[in-house]
Amino acid sequence: NKEMLLIPGPTPVVDEIYDALSSETYAHTDPRFVKIFKNSLEQTKKLFNTDGEVFVIAGSGTLAMEIAIINTVAPGEKLLVISHGYFGDRFIPLAKAFGIQVETIQAEWGEHVRKEVIEDKLASGDFKAVTVTHVDTSTGIMANLEELVPVVKKSGALFILDGVCAAAAIDEDMQKTYGDPSYTIDVVLTGSQKAIGVPPGLAIVAFGSKALAAREAIPSVPGYYTDIKNWLPIMQDPGKYYATPPVNMIYAFNKGMEIVMAEGLSERYQRHAALGKAVRAGLKVYGMKPLAPEAIAAPTLSCVLYPEGVNDAKFRSRLAEKGMVIAGALASLSGKAFRIGHMGNATESMFKKALELIGETLKEMGHEANVEEAVAEFTKVYHTR
Ligand code: PMP
């Protein structure tokens, strides 16, 4: 019996993906592997619907962030970071490490940045690109793309979307237009371990044509492994060699993408939206309050404040003993809230079980909890679509 890994990633890995992962390692130039690699890239292109190219490279989400930044913004150029929490903030030291001039707009944790503040900031300077974190994993806040894409693109800057906690759960169609044909997303990045449901190990970045052109215009980027120009021939023809691809991770990723596509993107996005609402509705029965107002709460994970008097460390370690793992909250919320992931291939029955275990644990710790009502509320909301 596997643990229920309900942290905000890595997420539960289904057996088909483990089977793929443990298949025999072929030569990275073997046509059988090349075919699988190619298929995984084609599916990734469909996921993001990019008019450019996708890059799937050994590494984690942070590497994907780095690839996105250094291939679009040259040292000395300006980047605006829009942050709804800890992972939004990560772009600041990252870009500074490459001599990029960084300015930042940070929201109070649990709130959205204000559109007017962004407009003013963009009007004040020549920003090459703007980063937005689709779902900030520290706060469970989902950025409002309908509002942000037009504001950013109107200024002429590139729109870089951190989709680590969103891709394959929330729509990130790069050719979708937000009110004007030129208002589109230029770069989306993610990792394998969240809503795609594959173990950690892959950095995934999609560049649109405008972002590829931005790379062409930079004479030399401060990276070698991270320079997409070195990877472009491989992504176009995975039989070519640049650096050895993680063969078994690509098997797993290909299977993960097949599962995503078999479900269908629109069904998958609707399922996640319903799941997020339902998990929060169930937890509210226990007096647990999501940090994000429901209108801006993420389909993929929730940061939830404890009711008065619940000891975080004890609560989470008791759940772990029962086979369910959730994450602590970060920074100033540490000890006051926990984070629960609800994405990827995690199932309805897992969350019913999770709500039961949470209720039982609260009772053991001397708090009140109506388990039946919480599970019923979850089920009702989940099936109201
Ligand atoms: N961005 C977001 C939104 C994330 O949630 C994470 C990881 N939790 C990262 C970036 C960094 O990814 P990784 O830990 O895979 O390097």
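1. In this predicted model, strand 12 and strand 15 run antiparallel to each other and are joined by 5 bridges. Two of the residue pairs can be found by eye in the structure above: serine 302 has isoleucine 340 of strand 15 as its bridge partner, and leucine 305 stands opposite alanine 337 in strand 15. It may help to locate these pairs before reading on, since the next points build outward from strand 12.

2. Strand 12 also pairs with strand 11 (residues 289-290), again in the antiparallel sense, over 2 bridges, and here proline 290 stands opposite valine 304 in strand 12. Taken together with strand 14, these strands make an open sheet of 4 strands in the order 11-12-15-14, with antiparallel pairing. The edges of this sheet are strand 11 and strand 14, each of which has a single partner strand, so one side of each is left without a neighbour in the sheet.

3. How many residues of strand 12 are buried? In strand 12, which covers residues 301-305, 4 of the 5 residues are buried, so the strand is largely enclosed by the rest of the structure. Helix 11 (residues 265-285) lies across strand 11, strand 12 and strand 15, and it runs at about 15° to strand 12. When looking at any such strand, it is useful to remember that in a regular strand the side chains alternate between the two faces of the sheet.

4. A second open sheet is formed by 7 strands in the order 2-10-9-8-5-3-4, and its pairing is mixed. Strand 2 (53-58) and strand 4 (101-106) stand at its edges with a single partner strand each, so one side of each of them is left without a neighbour in the sheet. On average, and ignoring direction, neighbouring strands of this sheet are turned by 20° against each other.

5. Within the 7-stranded sheet, strand 3 (residues 78-83) and strand 4 run parallel and are joined by 6 bridges, and one of the pairs to look for is serine 83 with its bridge partner glutamine 106 in strand 4. Helix 9 (residues 228-236) packs on the sheet, where it touches strand 2 and strand 10 (202-207), and its direction makes about 100° with that of strand 2.

6. Which residues surround the ligand? They are Gly9, Ser60, Gly61, Thr62, Phe87, Thr133, Asp136, Thr137, Asp162, Val164, Cys165 and Gly191. Sorted by class, this shell consists of 3 nonpolar, 7 polar and 2 charged residues. Some of these names return elsewhere in the description: the peptide bond from glycine 9 to proline 10 is cis, with omega near 0°, and proline 10 is found in the loop between strand 1 (4-5) and helix 1 (15-21).

7. Gly61, listed in the shell around the ligand, is also among the buried residues of helix 3, together with Ala64, Met65, Glu66, Ile67, Ala68, Ile69 and Ile70. Helix 3 covers residues 61-70, and 8 of its 10 residues are buried, so this helix is largely enclosed by the rest of the structure.

8. Two alanines deserve a careful look at the backbone. Phi of alanine 168 is near 80°, a positive value in a residue other than glycine, and this alanine lies in the loop between strand 8 (158-162) and strand 9 (187-191). Phi of alanine 331 is near 50°, likewise a positive value in a residue other than glycine, and its place is in the loop between strand 14 (327-328) and strand 15 (337-341).

9. Is each of these two alanines buried or exposed? Alanine 168 has 30 other C-beta atoms within 10 Å and is therefore buried, the cut-off for this being 20 or more. Alanine 331, by contrast, has 11 other C-beta atoms within 10 Å and is therefore exposed, as the cut-off for that class is 12 or fewer.

10. Seen as a whole, the protein has 14 helices and 15 strands. Its radius of gyration is 21 Å, close to the 21 Å that the globule rule gives for 385 residues, so the protein is as compact as a globular protein of that length. Along the principal axes, its C-alpha atoms fill a box of roughly 65 × 55 × 35 Å. Of the 385 residues, 49% count as buried, and among contacts with a separation of 6 or more, 75% are accounted for by residues 24 or more positions apart.

Notes. Residues numbered from 1 in each chain as written. Predicted model: local features only at pLDDT ≥ 70, side-chain atom pairs only at ≥ 80, totals over all residues. Near = placed C-beta within 6 Å. Nonpolar A, V, L, I, M, F, W, Y, C, P; charged D, E, K, R; others polar. Pairing = 2+ DSSP bridges. Axes fitted to C-alpha atoms, helices over the stretch in contact; angles between N-to-C directions. Contact = placed C-beta atoms within 7 Å. Rg over C-alpha atoms; globule rule 2.2 N^0.38 Å.
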